[in-house]
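Reader: Hey, I've just opened this one and I'm a bit lost. Can you walk me through it?

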Amino acid sequence: MGLPEGFRWGVATAAYQIEGAVGEDGRGPSTWDTFSHTPGRVRDGHTGDVACDHYHRWPEDVALMAGLGVDSYRFSIAWPRVQPAGSGPVNGKGLDFYDRLVDGLLAAGIAPAATLYHWDLPQPLEDAGGWMERDTAYRFAEFSYLAAERLADRVDMWITLNEPVVVTAYGYAFGVYAPGRTLMLDALPTAHHQLLAHGLAVHALRGRNARTIGLTNHYSPAWAASPDDQPAADAFDGFMNRLFTDPVLLGRYPDLMDDAPFVRSEDLAVIATPIDFLGVNYYQPTRLATPSEGPLPFDMVDITEHPTTGMGWPIVPEAFLSLLRTLDSRYDLPPLYITENGCSFPDEIGPDGVADDSSRIDFLDAHIKAMRTAIDEGIDIRGYYTWSLLDNFEWSEGYHPRFGLVHVDYETQKRTPKKSYAWYRDLIASSRTQTEPR
Ligand code: FCB
């Protein structure tokens, strides 16, 4: 069966992972600058200082997207470029960069999809408590307003937050991502304050006539290691899959937030402000067991019966389909966009000058088929963005994992399309002849 008319194919990136130019044109430091410059935090001491130098090479990157024939590009706007202190004066030059990028995309016929927060919190806000503080939510709404004031006439789709669960879990609970705090369950206020930030930002964006506004969450189907471990799987599901979705789509929190003192009664109505779409990022399922010790209600157990990507993540496209079905049965969903899906492999350019990443092609093919099954079943999915256009800075793993359709040589900044680039281009071209009226 064909895809619905208007279905969007895209690629996704994020500011800190590709831009570099961290000290240029008035950008202020973010938590990720601080974190990556702290010895021992990122593998081999890699930082985003230069990354893919996209800040200077964006015209070449837009040309690569045009070559793919994508309908849309999902990028993120670095808050510390726009408002270096996280509050107060706007840095016009920071906004100028996104202005140029957006115009370049439109000139190439590519619809800009902007994420407002992909984890690069201005360091001064973190110094004041970061997402543990309610005030950060109001600061984020203000930044969203400023970004929309400049760009809402041309940005086609707005994503408030990217994967807030990762910020709460990896950033504030376990400390493996910026800002590197190890608050464990005491990190829960960061969940609420990010959700409040999302809700306030939806209002701010609508106030500036922004079109098509949504939130992107990370989802991972929870598998119980044995029937006895079902409570552990349910606890993980509540945290990973429901904590950032139930309040937005159902207007209530799952049990783990019962009686939380930082939740004010009026907040849920703000958080549940209607959105135009839900962004779904999917990479892998997670297997859970009853914990033997520690403060968490689950232990994560390796999934060993499936092949894995370069990150060691199990490749399970049927879990992607089951996730889409679960979301559809659990909620009265707005339209979905798959805002990230992809894989890393240790791709190298061979002597013939080609990066033969057939494993990526297999991964994408299987996951796109799973998505098409969901569409055929009636789930309203309007777009698919591959993570990622380019190899880039993969957070605490530095430049080791390669997630791109395009290989990046970090010594020379040379971009070389991999085999998957041509495959994705052909897939997009052939699907154009198959679209059906919705
Ligand atoms: C997601 C992030 C994205 C990228 C991929 C591999 O969780 O949103 O920035 O790192 O994982």
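Reader: Okay, which strands make up the barrel?

Author: The closed barrel has eight strands, in the order E1-E2-E3-E4-E5-E7-E10-E11, with parallel pairing. Helices (H or I, at least four residues) and strands (E, at least two) are DSSP runs numbered from the N terminus, and two strands pair if DSSP finds at least two bridges between them. Neighbouring strands in this sheet are turned by 25 degrees against each other on average, direction ignored.

Reader: Is this a predicted model, and what's left out?

Author: This is a predicted model: local features need pLDDT of at least 70, side-chain atom pairs count only at pLDDT 80 or more, and totals for chains, interfaces and linings use all residues. Residues are numbered from 1 along each chain as its sequence is written, and side-chain values use heavy atoms, with hydrogens and water left out.

Reader: How many bridges pair E1 with E11?

Author: Five bridges, in the parallel sense, between E1 (residues 8-12) and E11 (residues 381-387). Glycine 10 has tyrosine 385 in E11 as its bridge partner.

Reader: And which strands does H8 touch?

Author: Helix H8 (residues 164-173) packs on the sheet and touches E3 (111-117), E4 (157-162) and E5 (213-219). Contact here means heavy atoms within 4.5 Å. The direction of H8 makes about 45 degrees with that of E5; axes are lines fitted to C-alpha atoms, for helices over the stretch in contact, and angles run from 0 to 180 degrees between N-to-C directions.

Reader: Switching topic: what surrounds the ligand?

Author: Gln17, His118, Trp119, Asn162, Glu163, Tyr283, Glu340, Trp387, Glu394, Trp395 and Phe403 surround it. A residue counts as near if one of its heavy atoms lies within 4 Å.

Reader: Which polar side-chain atom lies 2.6 Å from a ligand oxygen?

Author: That one belongs to glutamate 394. Histidine 118 has a side-chain N or O atom 2.8 Å from an oxygen of the ligand, and a polar side-chain atom of tryptophan 395 also lies 2.8 Å from a ligand oxygen. A polar contact is a pair of N or O atoms within 3.5 Å.

Reader: How much of the ligand does the protein bury?

Author: Taken alone, the ligand exposes 290 Å², and the protein buries 96% of that. Those areas come from the Shrake-Rupley method with a 1.4 Å probe.

Reader: What about H14 and H15, how do they cross?

Author: The axes of H14 (residues 358-376) and H15 (residues 419-432) come within 9 Å and cross at roughly 30 degrees. That makes H14 roughly parallel to H15, a label for angles under 35 degrees. Arg360, Ile361, Leu364, Asp365 and Ile368 in H14 meet Lys419, Ser420, Trp423, Tyr424 and Leu427 in H15.

Reader: There's another sheet, right? What's its strand order?

Author: The open sheet has three strands in the order E6-E8-E9, with mixed pairing. E6 (222-224) and E9 (299-301) are the edge strands, each pairing on one side only. E8 (residues 286-289) and E9 run antiparallel, joined by three bridges; leucine 288 has methionine 300 in E9 as its bridge partner. Helix H10 (residues 230-242) lies across E6, E8 and E9, at about 170 degrees to E6.

Reader: Last thing: where are the cis peptide bonds?

Author: One joins alanine 178 and proline 179, with omega about 5 degrees; proline 179 sits in the loop between H8 and H9 (188-207). Another runs from tryptophan 387 to serine 388, with omega near 15 degrees, and serine 388 lies in the loop between E11 and E12 (406-409).

Technical notes:
A polar contact is a pair of N or O atoms within 3.5 Å; within protein, one must be able to donate a hydrogen and the other to accept it, and residues adjacent in sequence count only if both atoms are side-chain atoms. Angles under 35 degrees count as roughly parallel, over 145 as roughly antiparallel, 65 to 115 as roughly perpendicular and the rest as oblique.
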